[in-house]
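Here are a few exercises to work through with the model open beside you. Try each task on your own before you read its solution.

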Amino acid sequence: MPLHKGPAATPSEPTSRLALNPFFGQANPVGGMTDAPPRHRLPDGPLPPASAYQLVHDELMLDGNSRLNLATFVTTWMEPQAGVLMSECRDKNMIDKDEYPRTAELERRCVAMLADLWNAPDPSSAVGCSTTGSSEACMLAGMALKRRWAQRNADRYRAGARPNLVMGVNVQVCWEKFCNFWEVEARLVPMEGDRFHLDAESAAALCDENTIGVVAILGSTFDGSYEPVAEICAALDALQERTGLDVPVHVDGASGAMVAPFIDEDLVWDFRLPRVSSINTSGHKYGLVYPGVGWALWRSPAELPEELVFRVNYLGGDMPTFALNFSRPGAQVVAQYYTFLRLGREGYRAVQQASRDIARGIAERVEAMGDFRLLTRGDQLPVFAFTTAPDVTSFDVFDVSRRLRERGWLVPAYTFPADREDLSVLRVVCRNGFSADLAELFVEDLKRLLPELRRQSQPFTHDKSAATSFHH
Ligand SMILES: *Cc1c(COP(=O)(O)O)cnc(C)c1O
């Protein structure tokens, strides 16, 4: 589908107008309701707010139920108090630091808390910022890597050297965007056999003097597995010893940077590794805030070239900012601070452990059904991926996804990237709010479908690309 395609219907066709109901009028059921508003053109005149509300509300009824969306990593439930704070702050623009100094202060506290959580050597000198999500955070981190490389290699860059970024083929689409938008060559390590993410040796092997960095993902979106960050750093240490190349690592912790610190405390993946230069996370994934907030942190000011930082007015002085957008809502940052304050380390641990227990529990029960093979078991991110067992020929993962949708469950089925395009999987993301009771209903619904699926003569989904749901 082309981006922002114009209206399909012409103004004279009935579908180009929204449908009205006499109840939408004020006291007189037909008064003012003869002129249905156009669908794709700004209406000539206003509507009463109640009618406009009803029209929009009704149109949205067919959106899926977000709580049953097992495809998304993004928070779909927050406490009412968080909702109240967010609506109290929905008019505040994050960039207006001078006008809303307390919101700015809460952002700084969140950065300091994350620097401490991710073991920055000196949390008071770590630098960071909020963003609209991990995508923006990754763009900023990638830009810092590129600029640092360009500074170190000014002559060769001017002479036409092309920077590259090394990562697994399983990276989230934001890294493909980064490479495309900022003209960096994406060096992708393919999957191989049962290895579905980046490995240390392949990462080091792809690095050369034009490598701006290596991206390690804490929590692959494809299967929920953690990439071996410490091993990748060690392989790059060895590379430096052999060749003198000093390649920094960025950890894309969109999901895992808010999971591992609480329930995998022994895993060393963060600023404790000197080679880890920057880390991002999505506040709106396992940070437990509604969509619209991410974080990017650098281990020290040396990792973030000063020339990329702009300054805005702040209490008579100036405040550094690093962002793609100028205006941005303040409410999500406030909600992040609320959640940090509300849960603390113990609270986050309890929430993430509950999600992991549920993921592992469902994964085991799916395995026990006998029709499926697990790729991951929910013991890293609270996420697991599974495919049909080798002897299953009457249905495939796309059939399962489609049939689950009949019961309201949104579970994506998709094909893996190079070199495992032969493998198609289903993926279940367990989040806060997907309770043990809901998990039980999910398992029961899947069990109920199986006899029918087994009776199929063959898989029924012919157009696999159309069947593949969005899964990033
Ligand atoms: C979700 C995700 C992103 C993109 O994050 P948004 O917050 O959705 O912009 C990037 N990387 C990974 C590993 C992700 O899981």
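**Exercise 1.** Find which residues Asn-119 touches, not counting residues up to four places away in sequence.

*Solution.* Step 1: look for contacts, meaning heavy atoms within 4.5 Å. Asn-119 touches Asp-270, Phe-271 and Arg-272. Step 2: place the residue. Asn-119 sits in the loop between helix H3 (101–117) and strand E1 (127–131); helices (H or I, at least four residues) and strands (E, at least two) are DSSP runs, numbered from the N terminus. Step 3: compare sequence with space. Asn-119 and Phe-271 are 152 residues apart in sequence, yet their C-alpha atoms are 5.4 Å apart.

A word on the source: this is a predicted model, in which local features need pLDDT of at least 70 and side-chain atom pairs count only at pLDDT 80 or more, while totals for chains, interfaces and linings use all residues. Residues are numbered from 1 along each chain as its sequence is written, and side-chain values use heavy atoms, with hydrogens and water left out.

**Exercise 2.** Work out which residues surround the ligand most closely, and which polar contacts they make.

*Solution.* Step 1: collect the residues with a heavy atom within 4 Å of the ligand. There are 13, and the closest are Ser-134, Ser-135, Asp-252, His-284 and Lys-285. Step 2: check polar contacts to the ligand (pairs of N or O atoms within 3.5 Å). A backbone N or O atom of Ser-134 is 2.8 Å from a ligand oxygen. The side chain of Asp-252 places an N or O atom 2.6 Å from a ligand nitrogen. Ser-282 has a polar side-chain atom 2.8 Å from a ligand oxygen. Step 3: ask how much is covered. On its own the ligand has 380 Å² of accessible area (Shrake-Rupley method, 1.4 Å probe), and the protein covers 90% of that.

**Exercise 3.** Decide how many residues of helix H11 are buried, and what lies at its ends.

*Solution.* Step 1: apply the cut-off, where buried means under 20% relative accessible area (1.4 Å probe, protein chains only). In H11 (residues 397–406), 7 of 10 residues are buried. Step 2: name them. They are Val-397, Phe-398, Asp-399, Val-400, Ser-401, Arg-403 and Leu-404. Step 3: inspect the ends. Asp-396 caps the N-terminal end, with a side-chain oxygen 3.1 Å from the backbone nitrogen of Phe-398. After the helix comes Gly-408, whose phi is positive, near 100 degrees.

Note on methods: Polar contact = N/O pair within 3.5 Å; in protein donor to acceptor, adjacent residues only side chain to side chain. Buried < 20%, exposed > 50% of the residue type's maximum accessible area, 1.4 Å probe, protein only.
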